[in-house]
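Visitor: I would like to learn how to read a ligand site and a cavity. Please take them in turn.

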Amino acid sequence: MGEQWDLIPLELDPPEHGKFRQLLNPLLSPPAVARLTPRIKERCAALIDRVRGVGDCEFMGAFGRAFPVGVFMELMGLPEDLYDTFIDWEFALLHAPDFGRKAAAAVAIRDFLRDLANQRRAHPTGDLTSIVVHAEIDGRKLSDDEVKGILYLLFVGGLDTVAASLGFFFRHLATDLDQQRMLRSHPDRIDKAIEELLRRFSVVTTWRQCKVDVELAGARLKAGDWITCNDSLGSLDPSEFADPMTVDLDRRNVRHLAFSFGPHFCMGSHLARRELSVALHAWLTTMPEWRLKPGAPVVVHGGLFGVEHLELEWAA
Ligand code: HEM
């Protein structure tokens, strides 16, 4: 967009980073997530109602991407009539094949969030945006760029990650029907199963910028170099997890790295777990058994690992 601002708190270092985490953590804490949960469940049920009687769906379009967009709108207190616009923006920003559409979506989202922040500055409503624009750090209000960096990160951080996880989880359960049946008969085991599925399908690749020249395992890195750190591969470390590529729903001590670790540990992990839990509970307790549609390709991608296209079917 030709602008320089940080995604906050992700692109800040300590001690600045800690000040913003302190401010933002309560907005995504377990009590905050508990308050959102009834509406999250309603959104989930409404999306399922749209496809139940049809007998099949392209899961990512019908549910995987749409569900987290709805949750983001709930989090931000945004009105329902913006839902289709947000779905379009999300798809264009994160999945459009041409760069022009991506850039246009990035600008549209930035402008929308900037206008929203201005409205809440003038007329606070008590929602997340109002809290952010009226917050203080070190005795001063946040700058426009800081507000933008926070709201933008909440938008991009919580959408594709949840969508990607849902895609992999639903694909896995479509191919391992024994596990799907076991969870149907024991819904009390779903939340534990989610931890094993997060371990097996840790989707985020983090990246960092070198501060100083350093030699690491024979590679010379210079200050300013960008490096990708696939720390989520720790979730597949055979010295920690026996038979790491297998989804073992009886596995004990699932210390996965799906949400990373250290100061930047995912700020939305409580919300993410709740979204995954609501989705799996609803599908496993109110929908017939789902399978992969025979002959339909499953398309996955790298970068932030994700599922592009996933056709499921069930007995309507
Ligand atoms: C299954 C879903 C999710 C996964 C796998 C995930 C994963 C991660 C990972 C690995 C990081 C660390 C990134 C880094 O260190 O570079 C992170 C950070 C973050 N996540 Fe998530 N995330 C998920 C959902 C969410 C949701 C729903 C939200 C909020 C709406 C969210 C908000 C954030 C924020 C704000 C950070 C930055 C934290 C900081 O820098 O201190 N995430 N996430």
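Visitor: How do the residues of the shell around the ligand divide into nonpolar, polar and charged?

Guide: This is a predicted model, where local features need pLDDT of at least 70, side-chain atom pairs count only at pLDDT 80 or more, and totals for chains, interfaces and linings use all residues. Residues are numbered from 1 along each chain as its sequence is written, and side-chain values use heavy atoms, without hydrogens and water. Ala, Val, Leu, Ile, Met, Phe, Trp, Tyr, Cys and Pro count as nonpolar, Asp, Glu, Lys and Arg as charged, and the others, Gly among them, as polar. The shell holds 13 nonpolar, nine polar and three charged residues.

Visitor: Which atom of the protein is the donor to the iron atom of the ligand?

Guide: Donors are N, O and S atoms within 2.8 Å of the metal (3.2 Å for Na, K and Ca); water is not among the atoms, so sites may look incomplete. Here the single protein donor is SG of Cys266, 2.3 Å from the iron.

Visitor: Which side chains have an N or O atom paired with an oxygen atom of the ligand?

Guide: A polar contact pairs N or O atoms within 3.5 Å. His17 makes one at 2.7 Å and His264 one at 2.6 Å. Arg208 also places a polar side-chain atom 2.7 Å from a ligand oxygen.

Visitor: What lines the largest cavity?

Guide: On a 1 Å grid over the protein atoms alone, a cavity is a set of points where a 1.4 Å probe fits but cannot get out; lining residues have an atom within 4 Å of a point. The lining includes Met60, Arg65, His95 and Asp160.

Definitions and conventions:
A polar contact is a pair of N or O atoms within 3.5 Å; within protein, one must be able to donate a hydrogen and the other to accept it, and residues adjacent in sequence count only if both atoms are side-chain atoms. On a 1 Å grid over the protein atoms alone, a cavity is a set of points where a 1.4 Å probe fits but cannot get out, and a pocket is an open set with protein on both sides within 12 Å along at least five of seven lines; lining residues have an atom within 4 Å of a point.
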